[in-house]
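Reader: Hi! I am new to reading protein models and would love a close look at one part of this one. Could you walk me through the salt bridges, and what lies around them?

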Amino acid sequence: HKTHMVVLEYESHDPELSQEVLAALIAAGRDAHLRVHVSPASKEFFAKQSDLFLTQLTQLEDKLNAFKNEEGIGDLAQQRDLHLARIGVLQEEASKTEPSLQSTLAELATRETALEEMPELVVLEETEGMPAVPEDNMREQLYQLEIREKELLARYQPEHFLIQQVQDQIQMAREVLELQEHKTQTTRGINDTRQTMELAIFERQAVAAGLKAQIASLNQQIASARSEVESLNRTDVAIARQTRNIDVAANNYLTHVSKLEQARIDEAAGF
């Protein structure tokens, strides 16, 4: 049951007759099997189909090999692991750089706020009264007017208009001198502290610009590595499809080779 074996038995009074009956029955069964299962052109058909599938298999294998050479593919899994490891390193470096950038920006904002409150010019020196040379000249003029007053008093009465004129000049000189003595002279200059702050801000701005450029470069490299991984994944799928086609062609080829061999056996056995 469920095999290709058939057991025949025949009994008669003559052994030779039994043998002839069984031989005839086997020959009839063989002819029936040949009519049902074997085509006269089976051998030639399977030979042609085997050659066809072998050609198809060879073409598919050559196509896959050319595709790998064109894409520069070695070990896809190893290349993908290398890119993923590189992405991890770049992301870690970016995560370390980002806090430095935020700290630099915060420091820069603090310094810029402080700079807004600093005047560009500061008082370098304050002097009460007039400078020495103008003050001396003013006192000399007052002294000369006082001498002139005394000379006129020696010659004229106090009510004389010349005396009155000189006294008026003396009064005016004294008022001007007194006013100048209470005047404060201020010397202003560049605020060194502000300059130092500006230099520090320029330095922090340069550092921040460098960190931003570094992060941008890292992000670009991460995006490039991810693109490479995506390309490898697409290549992996393409190879899998071509490999599947090769497997189908190889299976068809082996199947027809097997059937060709069976056809040869059947032919040799007289089926």
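Author: Happy to help; what follows starts with the whole chain, goes on to the salt bridges and their surroundings, and ends with a few other places to look at.

Please keep in mind that this is a predicted model. The protein has six helices and two strands, and along the sequence they come in the order α-α-α-β-α-α-β-α. Of its 271 residues, 22% count as buried. The protein exposes about 19,700 Å², and carbon and sulfur atoms supply 53% of that area. Now take the contacts between residues at least 6 apart in sequence: 87% of them join residues at least 24 apart. Keep that last figure in mind, since the part you asked about offers an example.

Now to the salt bridges. The count for this model comes to six. A good one to begin with is the pair E107 and R204, whose closest N and O atoms are 3.3 Å apart. E107 lies in helix α3, while R204 lies in helix α6 (residues 192-269), so this pair ties together parts that are 97 residues apart in sequence. If you find both residues in the picture, compare how much of each is open to the outside. E107 has a relative accessibility of 30% and therefore counts as partly exposed. R204 has 17%, and because buried means under 20%, R204 counts as buried.

R204 has another partner as well. E203 forms a salt bridge with R204, and here the closest N and O atoms are 2.8 Å apart. With a relative accessible area of 39%, E203 is partly exposed. These pairs belong to a wider arrangement: E107, R111, E203 and R204 are linked in a network of salt bridges.

What else does R204 meet? One residue that touches R204 is T104, which also touches V207, A208 and L211, leaving aside residues up to four places away in sequence. T104 lies in helix α3, the helix that also holds E107. At 6% relative accessibility, T104 counts as buried. The side chain of T104 has a polar partner too: one of its polar atoms lies 2.8 Å from the backbone oxygen of S100. So that you can picture the scene: T104 touches R204, and R204 forms a salt bridge with E107, which ties helix α3 to helix α6.

For a contrast, move along helix α6 to the salt bridge between the side chains of E261 and R264, at 3.8 Å from N to O. This pair sits within one helix: E261 and R264 are three residues apart in α6, which means they are separated by about one helical turn. E261 counts as partly exposed at 42% relative accessibility, and R264 counts as partly exposed at 41%.

Next, let us go past the end of helix α3. E120 is found in the loop between α3 (76-116) and β1 (121-128). This residue has a relative accessible area of 56%, and because exposed means over 50%, E120 is exposed. Even so, E120 has partners from elsewhere in the sequence: E120 touches G189, I190, N191 and R194, again leaving aside residues up to four places away. Take G189 as one of them: G189 and E120 are 69 residues apart along the chain, and their C-alpha atoms are separated by 8.4 Å.

Two more places are worth a visit, one aromatic and one nonpolar. A search of the whole structure finds one aromatic pair. The pair is F45 and F46, with ring centres 5.4 Å apart and planes at 65°, so the rings are edge-to-face. These neighbours differ in cover: F45 counts as partly exposed at 45% relative accessibility, whereas F46 counts as buried at 15%.

The nonpolar spot is a surface patch of about 360 Å², made by V6, L8, L25 and I26. Among these residues, L8 is placed in the segment before α1 (15-37). L8 counts as partly exposed, with a relative accessibility of 37%.

To return to your request, the place to look at again is the network that links E107, R111, E203 and R204. Start at E107 in helix α3, cross to R204 in helix α6, and then find T104, which touches R204.

Terms used:
Residues are numbered from 1 along each chain as its sequence is written. This is a predicted model: local features need pLDDT of at least 70, side-chain atom pairs count only at pLDDT 80 or more; totals for chains, interfaces and linings use all residues. Side-chain values use heavy atoms; hydrogens and water are left out. Helices (H or I, at least four residues) and strands (E, at least two) are DSSP runs, numbered from the N terminus. Buried means under 20% relative accessible area, exposed over 50%, partly exposed in between (1.4 Å probe, protein chains only). Contact means heavy atoms within 4.5 Å. A polar contact is a pair of N or O atoms within 3.5 Å; within protein, one must be able to donate a hydrogen and the other to accept it, and residues adjacent in sequence count only if both atoms are side-chain atoms. Patches are made of residues with over 30% relative accessible area and no salt bridge: like charges are joined within 9 Å, nonpolar side chains (Val, Leu, Ile, Met, Phe, Trp, Tyr) within 5 Å. Accessible areas come from the Shrake-Rupley method with a 1.4 Å probe; for residues, only the protein chains shown count as cover. A salt bridge is a side-chain nitrogen of Lys or Arg within 4 Å of a carboxyl oxygen of Asp or Glu. Rings of Phe, Tyr and Trp (its six-membered ring) pair if their centres lie within 6.5 Å; planes under 30 degrees apart count as stacked, over 60 as edge-to-face and the rest as tilted.
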